[in-house]
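Thanks for making the time this morning. I would like to walk you through one structure, taking an annotated residue, then a helix, then a pocket, so please have a look at it before I start.

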Amino acid sequence: MAISDTPESTGTTATAAMTATTATTTTTTTTIPQVGSDVRRRPSATVVREVSDSTSKTSLPESSDNSAVGDDGKCCDDDRNRSTAVTESAKPTSIGNGSGGGGGDNKIGNGDDRGTDFAALKLAYRPSAPAHRKNKESPLSSDAIFKQSHAGLFNLCIVVLVAVNSRLIIENLMKYGWLIKTGFWFSSRSLSDWPLFMCCLTLPIFPAASFIVEKLVQQKYISEPVVVLLHIIITTASVLYPVLVILRYDSAVLSGVTLMLFASIVWLKLVSYAHTSYDMRELAKSIEKGDVLASTLNMDCSYCVDFKCLAYFMVAPTLCYQPSYPRTACIRKGWVARQLVKLIIFTGVMGFIIEQYINPIVKNSQHPLKGDLLYAIERILKLSVPNLYVWLCMFYCLFHLWLNILAELLRFGDREFYKDWWNAKTVEEYWRMWNMPVHKWMIRHIYFPCLRNGIPKGVAVVIAFLVSAVFHELCIAVPCHIFKFWAFFGIMFQVPLVLITSYLQNKFRNSMVGNMIFWFIFCILGQPMCVLLYYHDLMNRKGKHE
């Protein structure tokens, strides 16, 4: 047990005095601890008493004569005249790692003046000293669980997950063998993927067209209504063009999903570019008229059409356009290399889980809405764990690794691509925290514009979810060539879930209850059901065409 520099005092504070007696026959100085004002001991014989701790021992000289020690800590006159010889072995030693233990220096600590005397030590560690002094909660109680680190438990969970899943992987490989095939990821008819690849390469045409439109309006060659019409045509074409290409050519699902994701990102960026440019023109006009003072606006209101700004925005990890962004000082090449290695590893893990676990589960299952209810529940529960692993790997690869790699290469400073969505207490909090680029875009270009135009808050929320549902359906249904609107209804179902989880959170007033409800809906009822619906229909469709 480590001894602190200032041990706790117990009961009535005693005067801790150490008596230093100069011997007449030697030059050695001895220290006698105070043992009481009415106890006399003979100094002729010396008894060594040890006060021990778990880590150190201290030898205290205890005289067996009847020498009196007064209340002031000094020896009485009759004892002071006696000649007492104390050997060096009977001297008290200092406790600690310092070098201040010589010369009768009875200090405890690091050998400096911060130590305490032995009398205080004797009082602090007596059996009668109270061991319980104040109210304390157990570390895992609800009031104290978030007041300390849980890194050890997190490490334990990692070890258990690795051990359990390693056994399951080995058991699966021994039972079913290697099930991974390239047909799902890359079409055997590789030439059929070329139209999608070429379509992806031609997507920059639409940002260039938007730039030309903004340049024309800056030169006052076209009016504002024409600008709005042209931007609507450009943004709509940026989505319809990939949809037509994917529907025209039957290629791999992954290729179609990738193309639709790029097309959706281009659409979101072009809408932000057009909307922001329009607002900057309006602000510039208001400043010229004197309706708005530039000093009252905490931003750069100068309207400037710069191709470099647009090009940087189109590749930057953000969906909200602005002329300039916070930038970092340099590019950490070693850090980028490490993140790329992680990206490759986790992408491989994600593909392994899909092909080795999810694909067989779906192939061996019936349609969840057409079979037995208990059987469908069993399939959903069996699919929930590998689906959760895949979703977490996807989130880590996309939002943490890839976006940070892109931001580092472009020296993009604002890297809040997500918040602690895993602590969400309601569905509303989850949607506000898990995808910050999309959330900021929705707030900037959908939600607040609706409020400024007199649309009620609830209707604005429904409109935002409606836009999200349309693009979720496009990104999944179009590559799969399945238009049953499972993704659309799944996203729109979030609106009543927002109300339900908010009501439950307000009723229970407990963050753990809300968080558990969120995880249950997220892991069991939400994604596994949608994945089973689309994946099952996709496998049936591929089976009919083979």
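Let me begin with His472, which sits in helix α13, the stretch running over residues 457-480, and please keep in mind throughout that what you see is a predicted model. The reason for starting there is a database record: an unreviewed UniProt entry places the annotation "active site" on His472, and such annotations may be inferred rather than shown by experiment.

Is His472 buried, exposed or partly exposed? Its relative accessibility is 30%, and because the partly exposed class lies between 20% and 50%, His472 counts as partly exposed. If we set aside the neighbours within four places in sequence, His472 is in contact with Ala487 and Ile491.

Now to helix α9, which covers residues 333-363. With 31 residues at 1.5 Å a residue, α9 should span 45 Å, and the C-alpha atoms at its ends are 44 Å apart, which agrees with that expectation. The helix does have a kink, however, of about 35 degrees and centred on Ile354.

Helix α9 also brings us to the second largest pocket, since α9 is among the elements that give two or more residues to its lining, together with α3 (151-176), α10 (373-410) and α16 (511-545). That pocket holds about 1900 Å³ of space and is lined by 44 residues, with Leu161, Asn165, Val385, Tyr389 and Leu392 lying nearest its centre. Which element gives the largest share of the lining? That is α3, which contributes 14 residues.

Key: Residues numbered from 1 in each chain as written. Predicted model: local features only at pLDDT ≥ 70, side-chain atom pairs only at ≥ 80, totals over all residues. Heavy atoms only, no water. Helix = DSSP H or I, 4+ residues; strand = E, 2+ residues; numbered from the N terminus. Expected span 1.5 Å × (residues − 1). Bend = angle between axes of the 7 residues up to and from the residue. Buried < 20%, exposed > 50% of the residue type's maximum accessible area, 1.4 Å probe, protein only. Contact = heavy atoms within 4.5 Å. 1 Å grid on protein atoms, 1.4 Å probe; cavity = no way out; pocket = protein on both sides within 12 Å on 5 of 7 lines; lining within 4 Å. Points joined across faces, edges and corners; volume = space filled by probe spheres on them.
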